[in-house]
Amino acid sequence: MKGRLEGKICAITGAGRGIGRVAAELFAAERAKVFILELDETSGKAAEKQIRVNGSLAHYIKCDVSCYDSVQNAFRQIEENTGKLDVLFNNASVYLAGKDKKISDIEPAIWSKVLNINLNSIYHCCRFAIPLLRKSGGGSIINTASSAAITGIPKCDAYTASKGATVALSRSMAVEYGPENIRVNCIAPAAIATDMVKQSNPDGDDFDTSAFINLRTPLRRWGKPDEVAKLALFLASDESSYINGTVIAADGGITISGDLSKPTPRTLQPHKKYQRYSKKGFAKRNVMAMEQ
Ligand SMILES: NC(=O)c1ccc[n+]([C@@H]2O[C@H](COP(=O)([O-])OP(=O)(O)OC[C@H]3O[C@@H](n4cnc5c(N)ncnc54)[C@H](O)[C@@H]3O)[C@@H](O)[C@H]2O)c1
């Protein structure tokens, strides 16, 4: 049976685990040849092995997407191996909760690390992937943002900045490369149950899981990696051939339901200067106005 990505050559960054890993397996099952660009050798090799055991095509390349030379080397290998590329899925990122902070508090090394891995990686990969996409007569680039690009995540300003820039960059790229039949779209996930999310809410943090699920998620559950990977598959395939420059949330409606700030009692209160505008303050003022 013909696959949805029959004969396509796809590069997926950060495909050793999480959303990228599931996407690699899905893409390969749809008969793509998948290049796994992953820093972690153990998980990258395991992903390659699993896909091959399933009877599909995969090739692991150790790659640090934050490093220009490492990415150049990875795409050189892809070119030597296949001579072209059809799909680039920029998925790798880090979320350094606890170290990423309010902008006035972030250490320079953390700011640079997050921006290098999450944003500069897209520059690096596109720089070397686009010439290969041209050789295919076009293709699809999928960038990964986050709900953070739309609502912001308080105390994670480096991550938020990297994802906001990813959205803006994707729109610009969609206009620039559309005439070359290269479509560029952006995925904005939120609350997907992966190691990234588990590691970002360590024990002792003030994150309240049940409040989050009950107050902030319209579907009242975490998302699953395949619920984002299937969207990436659609954007990678010719089924989305007229979709260019979009930002599609894969978040169960979290982004439109409010922000993702941690609901600690202190942050639920307005600044003392504005407390008279809180619900209680308004009620008191209105009563006073009626009494006059
Ligand atoms: N999980 C969520 O709820 C969520 C929410 C919003 C956005 N996202 C975005 O979705 C994407 C995937 O997230 P995930 O939850 O699957 O993350 P994850 O942490 O489970 O997986 C990320 C992968 O990227 C790899 N990686 C990290 N740094 C790298 C580097 N320098 N070079 C190469 N590979 C590197 C990691 O080794 C890992 O395999 C990310 O862009 C993330 O920002 C996820």
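Here is a short set of notes on this predicted model, point by point.

1. **The overall picture.** Start by scanning the whole chain. The protein chain has 12 helices and 7 strands. It runs to 292 residues, and 43% of them count as buried. Take the contacts in the chain with a separation of 6 or more: 75% of these join residues 24 or more positions apart. Keep that in mind when you follow the chain by eye, since some of the pairs below are made of residues well separated in the sequence, such as F75 and A129, which are 54 residues apart.

2. **Around the ligand.** Which residues come nearest to the ligand? Out of the 31 residues around it, they are G14, G18, S93, T194 and M196. Two helices are worth finding here: α1 (18–29) and α7 (195–200) each give at least two residues to the shell around the ligand. Sorted by class, that shell holds 14 nonpolar, 12 polar and 5 charged residues.

3. **How to look at helix pairs.** The next three points are about helices packed against each other. Two packed helices are described by the angle between their axes and the distance between the axes. Look for both in each pair, then check which side chains sit at the contact.

4. **α4 with α6.** Helix α4 covers residues 108–135 and helix α6 covers residues 157–177. Their axes come within 9 Å and cross at roughly 15°. Because angles under 35 degrees count as roughly parallel, α4 is roughly parallel to α6. The crossing of α4 past α6 is right-handed. On the α4 side, the contact is made by I110, W111, V114, L115, N118, L119, I122 and I130, and they meet a set of α6 residues that includes A158, Y159, A161, L169 and Y177. The contact divides into 13 nonpolar, 3 polar and 1 charged residues.

5. **α3 with α4.** Helix α4 also packs against α3, at an angle of about 20° and with the axes 8 Å apart. These two are therefore roughly parallel to each other as well. Here too the crossing is right-handed. Y68, V71, Q72, F75, I78 and E79 are the α3 residues involved, and on α4 they meet H124, C125, F128, A129 and L132. By class, this contact has 8 nonpolar, 2 polar and 1 charged residues.

6. **A closer look at F75.** Pick out F75 in helix α3 (residues 68–82). Is F75 buried or exposed? F75 is buried, because it has 24 other C-beta atoms within 10 Å, and the cut-off for buried is 20 or more. If you leave aside its neighbours within four places in sequence, F75 is in contact with F128, A129 and L132. The C-alpha atoms of F75 and A129 are 6.7 Å apart in space.

7. **α1 with α9.** Now go back to α1, one of the helices that supply residues to the ligand shell. It packs against α9 at an angle of about 50°, with the axes 8 Å apart. That angle makes α1 oblique to α9. The crossing is right-handed. From α1, the residues G18, I19, V22, A23, L26 and F27 take part, and among their α9 partners are P225, D226, V228 and A229. The contact has 11 nonpolar, 1 polar and 2 charged residues. Notice G18 in particular: it is in this contact, and it is also among the residues that come nearest to the ligand.

8. **Two backbone oddities.** Most residues other than glycine have a negative phi, and most peptide bonds are trans. A191 has a positive phi of about 50° although it is not a glycine. You'll find A191 in the loop between β6 (182–189) and α7, and it counts as buried because it has 21 C-beta neighbours inside 10 Å. R220 also has a positive phi, near 60°. R220 sits in the loop between α8 (209–216) and α9 (225–236), and it is exposed, with 10 other C-beta atoms within 10 Å.

9. **The start of the chain.** Last, look at M1, in the segment before β1 (9–13). M1 counts as exposed, because it has 4 C-beta neighbours inside 10 Å. Its C-alpha atom is separated by 9.6 Å from that of E30, 29 residues along the chain.

Terms used: Residues are numbered from 1 along each chain as its sequence is written. This is a predicted model: local features need pLDDT of at least 70, side-chain atom pairs count only at pLDDT 80 or more; totals for chains, interfaces and linings use all residues. A residue is near a molecule or strand if its C-beta atom, placed from the backbone, lies within 6 Å of it. Helices (H or I, at least four residues) and strands (E, at least two) are DSSP runs, numbered from the N terminus. Ala, Val, Leu, Ile, Met, Phe, Trp, Tyr, Cys and Pro count as nonpolar, Asp, Glu, Lys and Arg as charged, and the others, Gly among them, as polar. Axes are lines fitted to C-alpha atoms, for helices over the stretch in contact, and angles run from 0 to 180 degrees between N-to-C directions. Angles under 35 degrees count as roughly parallel, over 145 as roughly antiparallel, 65 to 115 as roughly perpendicular and the rest as oblique. A crossing is left-handed if the near helix is turned anticlockwise from the far one by less than a right angle, and right-handed if clockwise. Two residues are in contact if their C-beta atoms, placed from the backbone, lie within 7 Å. A residue is buried if 20 or more other C-beta atoms lie within 10 Å of its own, exposed if 12 or fewer, and partly exposed in between; C-beta atoms are placed from the backbone.
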